[in-house]
Each structure stands twice: as structure tokens, then as C-alpha cells.
Amino acid sequence: MSSVSGATTARGLCPYRLAVDDRSMSITLCQQLGGPASGLDPQAVLRDLADLKVALDPAIARRVVDALGDWSADPQVQHAPVVLVEGTPAQPGSDGRVVWEAFCDPHRSRQHTGEADEQFSHYASQIVTVQAGQVLGRVEPATKGQPGRDVFGRTVAAPDGKPPSLGRLEGCHVDEQGCIVADVAGTLEFSPAGLAVQQGLHIRGSVDFSTGHIDTPGSVTIDEDVADLFQVTSGSDISVGKSVLSATLRAAGHITIGGPLANHRKGVCLAGGDLTARLVDNSIAAVRGDIHIAREAVSSDLFAGGRVECPAGAISGGVVVARGGLESRALGSAGGIRTLIVVGVDWLLGPIQEDLVEQTAALAEEVEQRRPTVELLKANLRRLTHQQREQVTELEFEVADLAEKLTGAQGRLDALRRESDARCRAVVRVTGEVFPGTELRLGALRAVVGERLAGPVDFLVAREAGAKAILAKTVATGQARPLRTGRLASPLEGIDLPELPPEPATT
């Protein structure tokens, strides 16, 4: 800090000094020890300031006068320094930053903090997935610095803020508004190199507490297992290298399981495409496509919109509903475990058909209610006023519109039934053996196998003695014999249908 002393008195003492700070951002009036505290001339101080090249103004002059007045009023006290002139500090620019959406903030820990938290779940997902077009965050640009001025009027430079560093972007971009937008649906990954949205999710271990639940619009590849009570949801395909235990899988596409599917009815396996598994044990699975089992299915409920195939193993216990038919090496078990096989029945059609039937009935009823009114008014058209005739025309249009909607709903219902009929195939092929007690439902017909049958044998529906019956036809010889056949009001009676699997993924 530098200083400038004021004029000396007759005793040779300097009554004050002007102190300039090291950055030249302030000038302070200080009382000199031993100097007179009264009778000081404010003009002398102002002249000293002018000699320092300070731009004087009334505010500075007022501070000088006030300070010297205080000194004169109380000359026995050593007075504190008084700031006479202050510069304008420079304002550095603010650094740019990225403001992330809460769900994908890389600085927010999704792990348990150890604090008591009733809302915390160890099963919560530790993996961030995004949709194409989803905003991940926004870039706030750096601002420029605002320069200042020191007490001598010189400019004080201000540094600009530093731009934010995003690194390399992959699978996403920054738009004109500064928003970070995902280009593809997939998994969000942060790294020192930058940010990436990967279309597929590859878990090199298991789905467990290290990952939490998985819910992604893209495909999922899991090298090992899916642990108890975890959920994996995909908008595409799911591939599991080993086992699926008491867990839930939902895929809009196909599900492939390298080991056993054993959800023990504490979970469910749902697919919009096919399901392929090594074996299925005490599980529930429902798919819109086919079910392929490499070894066997034991005490499981399986629902397929296509075929169920277990050509090298047995299906024993549980319920199997296959719209497109079934093939297995063996059916039932020597222990007599109840095994129910239902084929040629569209279990997926029910809810859709019910909605359309209800819609069609409501439209038909409304058309029938309005049509007589329109016919009556048209018969007395000459007696109606111009306004009433316009109302009749409007009613005609409304009835015509309802009739068109009714025709459309009936057309959709008919097309749905035709499509269903084309996909239904009431045939069961067993290449090995069928154990007694196995119940077969082919369409609306029912039969229970009364004795052990050796394959290859096909079970199908044909006319026998003028009535439809379930026949057991030996593939090698073509010989067929009827089973004792009954008819069901509903082939799905007594069966708890699962929720529908996801619709197949569209491209």
C-alpha cells in the first residue's frame, strides 16, 4: 500500500496521509499520529487528490468535509481511517455448466447413503435408460467478464468464464437451444471421454443389487443370471446367459434364456415375440410367438400365441395353452401329475374381441334408436319448418356416421376372427410317450388319456361316427383311434390367464 502525506504544519508534523491500496481500488484518509486534529483545510486534501489524478466529484468532497469535521469536533481522539475514493471491481465471467435432468445427473448418487430412508429400495435401478428425443440436460454457456475501473480511472480487466466441457458425444447432440438430446433409445453412459447413449444394454455380470431393476427401450444382454425378485423390462429383446430365478422378464421382442427359467410363480416371463429356454421349472410364461424348450417343462403354466415345442424333452404338470399347436417328446408323468394341454384356442383374442363386440353392440343399439325418429320426421317433411328440416338433415348425417362406424367395427371384428382362425392349429404331436391322466383340449373338445400311449402319435380333431372327436393317430402306420371326447362351453374354463405380453416391437 502506498501513501501520500498532506501539507506539514508549523511544528513540522504531517496532519494526515492518503493511503492507496496495492490494487489502486481505494484511497483512504488517515490521521497522522501527533498531527493536529482541528483546523484542517478540506481544500488541501482535495488538492492532494487532484494531484493524484483522481476525478473529483461532490460525493468525494462531502466525505472529506465530514471526516475533517469529525476530527475537529473531537481532537483528543485518534480517528479511524476514512475511505474517500473507491474503484469499481471487475466482475469475472461465470463458467459455463451443464444442468442435468435429475434422472441422469452423473453427480447424484443412486446408491444407498446409509441414512434411514423408508423410500429407499435396494432393487431400484442403478442404470439410466433414455428414449430417443429425450432431453438429458441443457448447456448453460459461459458469460463474459465485466471490466472495472480503479481510483485513477484506469480499466481493470475481467476474465471471461470458461466454456463447459462435455467431451465427446455419442448417440446424442446439443440442439440450437442448448439442450442435450438423445438420438437413439438406449442406455446412458458417462466416462472421462464424454457422454454416450448406447442402443443396447450389455450387463457383463448378473442383474442383482449391483444393477437394480432394468427398464430400457433397447435390447438387453445379461451374461449371467437374473436374481430373485428383480425385474428386467425391454422395448426389444432380452438375452440371459444363465438362469432366471424368482424374477420377472418383460420384452416387446424375443426372450432367450441359456439356463433354466425358474420364477417359482413369484414372477412372470412375458414376450411380444418368442421364448427360448433350456428348461422351465414351476414358472409362468406368456408370449405372442412360439415357446422353444430344449430339455423339459415341469409344473409350469405356458401360454403361446404360436407353437410350444419341446422335441427333446417332456412336458409334465401345469397348463400349456398353444394357439398354433404343440410338439413334445413326452406328455404327463408316471406319477400322475395333472397335465393340461390346450391347443387351437386363441387365448389372446378374448379381451380384444370382447371390446370390439361391446363397441359393435353399443353402435348397433344407437343406430336402431335413432333411425325410427329420422324415418318418422322424413315422412312428415312437408309439415316441418325450415329449421326443423335442417335438424332432420343433421340427424340423417349422424345416423349415417354411426352406421359407418358400426360397419367398420364389424369389419375389424370379422378380420380379427379370420386372422385368429388362420393361426389356430389344434394338433398335438408326441414323439415319445403320453402318460395316463394327461388332459387334452383341442378347440372346444376335451379328452383325458386313459392309458400309456407310445409315439410318434398325433392328437387331432376329426369326425368319428358322424360327430367330432379327438383322435390319436399313429404317425408310422396312419392308424387312428378315437378318445373318449366331451365338449366344453369354453376350452379355457378353469384356467387363470396371465396378463397379455407386450406388443411386438415395431421398426
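**Figure 1. Contacts and overall composition of the chain in the predicted model.** Of the contacts in the chain with a separation of 6 or more, 43% are between residues 24 or more positions apart. The chain is built from four helices and 37 strands. Of its 507 residues, 40% are buried.

**Figure 2. Helix H2, with a buried side and an exposed side.** Helix H2 spans residues 58-73, a run of 16 residues. From its first C-alpha to its last, H2 reaches 22 Å, close to the 22 Å expected at 1.5 Å a residue. Ile60, Val64, Ala67, Leu68 and Trp71 of H2 are buried. These residues lie on the same side of H2, because they cover an arc of only 90° around the axis. An α-helix has 3.6 residues a turn, so residues three or four places apart point the same way. On the other side of H2, the exposed residues are Pro58, Arg62 and Ala73.

**Figure 3. Surroundings and N-terminal cap of helix H2.** The buried residues of H2 are covered by elements including strand S2 (16-20), strand S3 (26-31), helix H1 (42-51) and strand S4 (82-86). At the N-terminal end of H2, aspartate 57 acts as the cap. A side-chain oxygen of aspartate 57 lies 3.1 Å from the backbone nitrogen of alanine 59.

**Figure 4. An open sheet of four strands.** The strands follow the order S6-S13-S14-S10, and their pairing is mixed. Strand S6 (129-130) and strand S10 (168-170) stand at the edges; each has a single partner strand, so one side of each is left without a neighbour in the sheet. S6 and strand S13 (residues 186-191) run antiparallel and are joined by two bridges. Within this pair, threonine 129 stands opposite threonine 187 in S13. Strands of a sheet pair through backbone hydrogen bonds, either parallel or antiparallel.

**Figure 5. The salt bridge between arginine 97 and glutamate 140.** The model contains 15 salt bridges. In one of them, the side chains of arginine 97 and glutamate 140 meet at 2.8 Å, N to O. This pair links distant parts of the chain, with arginine 97 in strand S5 (residues 97-100) and glutamate 140 in strand S7 (residues 135-140), 43 residues apart. Arginine 97 is partly exposed, at a relative accessible area of 48%. Glutamate 140 also counts as partly exposed, at 24% relative accessibility.

**Figure 6. The salt bridge between arginine 338 and glutamate 439.** The two side chains meet at 3.5 Å, N to O. Arginine 338 lies in the loop between strand S28 (326-331) and strand S29 (339-343), and glutamate 439 lies in strand S31 (residues 439-442), so the pair ties together parts that are 101 residues apart in sequence. Glutamate 439 counts as buried, because its relative accessibility is 6% and the cut-off for burial is under 20%.

**Figure 7. The salt bridge between glutamate 433 and arginine 452, and a salt-bridge network.** The side chains of glutamate 433 and arginine 452 meet at 2.5 Å, N to O. Here too the pair links distant parts of the chain: glutamate 433 is in strand S30 (residues 428-434), and arginine 452 is in the loop between strand S32 (445-448) and strand S33 (453-454), 19 residues apart. Glutamate 433 is buried, with a relative accessible area of 19%. Arg338, Glu439, Arg441 and Arg446 are joined into one network by salt bridges that share partners.

Terms used. Residues numbered from 1 in each chain as written. Predicted model: local features only at pLDDT ≥ 70, side-chain atom pairs only at ≥ 80, totals over all residues. Heavy atoms only, no water. Expected span 1.5 Å × (residues − 1). Buried < 20%, exposed > 50% of the residue type's maximum accessible area, 1.4 Å probe, protein only. Arc of directions from axis to C-beta. Contact = heavy atoms within 4.5 Å. Polar contact = N/O pair within 3.5 Å; in protein donor to acceptor, adjacent residues only side chain to side chain. Pairing = 2+ DSSP bridges. Salt bridge = Lys/Arg side-chain N within 4 Å of Asp/Glu carboxyl O.
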